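Dear colleague,

I am passing on the structure we spoke about, and below it you will find notes on its packing, its charged pairs and a few local features. Please read them with the model open beside you.

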Amino acid sequence: SELPESLKPVVEGNNLLSSKLLIFAKADMTHNCEFSPFVLLLTEDALIVGTNGKLGMADPDKKEPDYTEFSFLKYQIKDLSDPQISTFVVGGMFSLKIDGEQIPICAFTNAYKGRIMRIKEILSLLIKGEEIKEERLFEEQRDEFCPKCGMPYPEKNRKICPKCMDK
């Protein structure tokens, strides 16, 4: 889970990582399901959530948003519990309990679902105080969605996307 090159100086400049980065994910919607870029960084002791607060579809010509415009919130693992993903047809919502109150963190389209689910799994292990084995970080998520367009596969066991296949 390598950080995008353009995010590295921002993470270092803001001194965000107080412990080893375990996994990084991107999301593309606010908890109100409005398009907006998010990054989630999970370390051994904190979940860091960043966004630039700008609403609207990402610029298709830009691979990455301007991370220097992002602001970040850092949640200590010890203050978190009950990470949840609510799934919708086109994606889902990531939420967790912070000081006992369930708080929505971000929403995402299916293109980002696999990595967000991995963050939730590893965060759950950290909250329980379980050891994170290196191979857990790199396990492939059982993909039920086309990695190209994010559409769910019509048949879960057949990784064929009718929208993207050559006809």
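**Charged pairs, cores and surface**

E69 counts as partly exposed, since its relative accessibility is 38%, and please keep in mind throughout that this is a predicted model. The side chain of E69 meets that of K54 in a salt bridge, with 2.8 Å from N to O. The two residues are 15 apart and link distant parts of the chain, although both K54 and E69 lie in the loop between strand 3 and strand 4 (71-76). K54 is likewise partly exposed, with a relative accessible area of 46%.

The whole structure holds six salt bridges, and two others may interest you. R118 and E121 pair through their side chains at 3.6 Å, N to O, and both belong to helix 2, where they sit three residues apart, or about one turn of the helix. R118 is buried because its relative accessible area is 5%, under the 20% limit, whereas E121, at 26%, counts as partly exposed. K8 and E5 form a further salt bridge at 2.9 Å, N to O; here K8 is partly exposed at 22% relative accessibility, while E5 is exposed at 59%.

Turning to the interior, the largest nonpolar core has 26 residues, and those with the most contacts inside it are L40, L42, L47, F94 and I105. Strands 1, 2 (35-43), 3 (46-51), 5, 6 and 7 each give two or more residues to this core, as does helix 2 (113-128), and helix 2 gives the most, with six residues. If you would like one residue to start from, L40 touches, among others, I23, F24, L47, F94, I105 and I119, leaving aside residues up to four places away in sequence. A second, separate core of 12 residues includes V11, Y67, F70 and F72.

On the surface, F88, V89 and V90 form a nonpolar patch with about 310 Å² of accessible area together. F88 is found in strand 5 (residues 80-88) and is partly exposed, with a relative accessible area of 38%.

Finally, there are two backbone points to look at. N15, which is not a glycine, has a positive phi near 50°; N15 lies in the loop between helix 1 (8-13) and strand 1 (21-29) and is exposed at 62% relative accessibility. D99, also a residue other than glycine, has a positive phi near 50°; D99 lies in the loop between strand 6 (91-98) and strand 7 (101-109), and is exposed with a relative accessible area of 64%.

With best regards

Notes:
Residues numbered from 1 in each chain as written. Predicted model: local features only at pLDDT ≥ 70, side-chain atom pairs only at ≥ 80, totals over all residues. Heavy atoms only, no water. Patch = residues over 30% accessible without salt bridge, like charges linked within 9 Å, V, L, I, M, F, W, Y side chains within 5 Å. Areas by Shrake-Rupley, 256 points an atom, 1.4 Å probe, with all protein chains shown as cover. Salt bridge = Lys/Arg side-chain N within 4 Å of Asp/Glu carboxyl O. Helix = DSSP H or I, 4+ residues; strand = E, 2+ residues; numbered from the N terminus. Buried < 20%, exposed > 50% of the residue type's maximum accessible area, 1.4 Å probe, protein only. Core = buried A, V, L, I, M, F, W, Y, C linked by side-chain atoms within 4.5 Å. Contact = heavy atoms within 4.5 Å.
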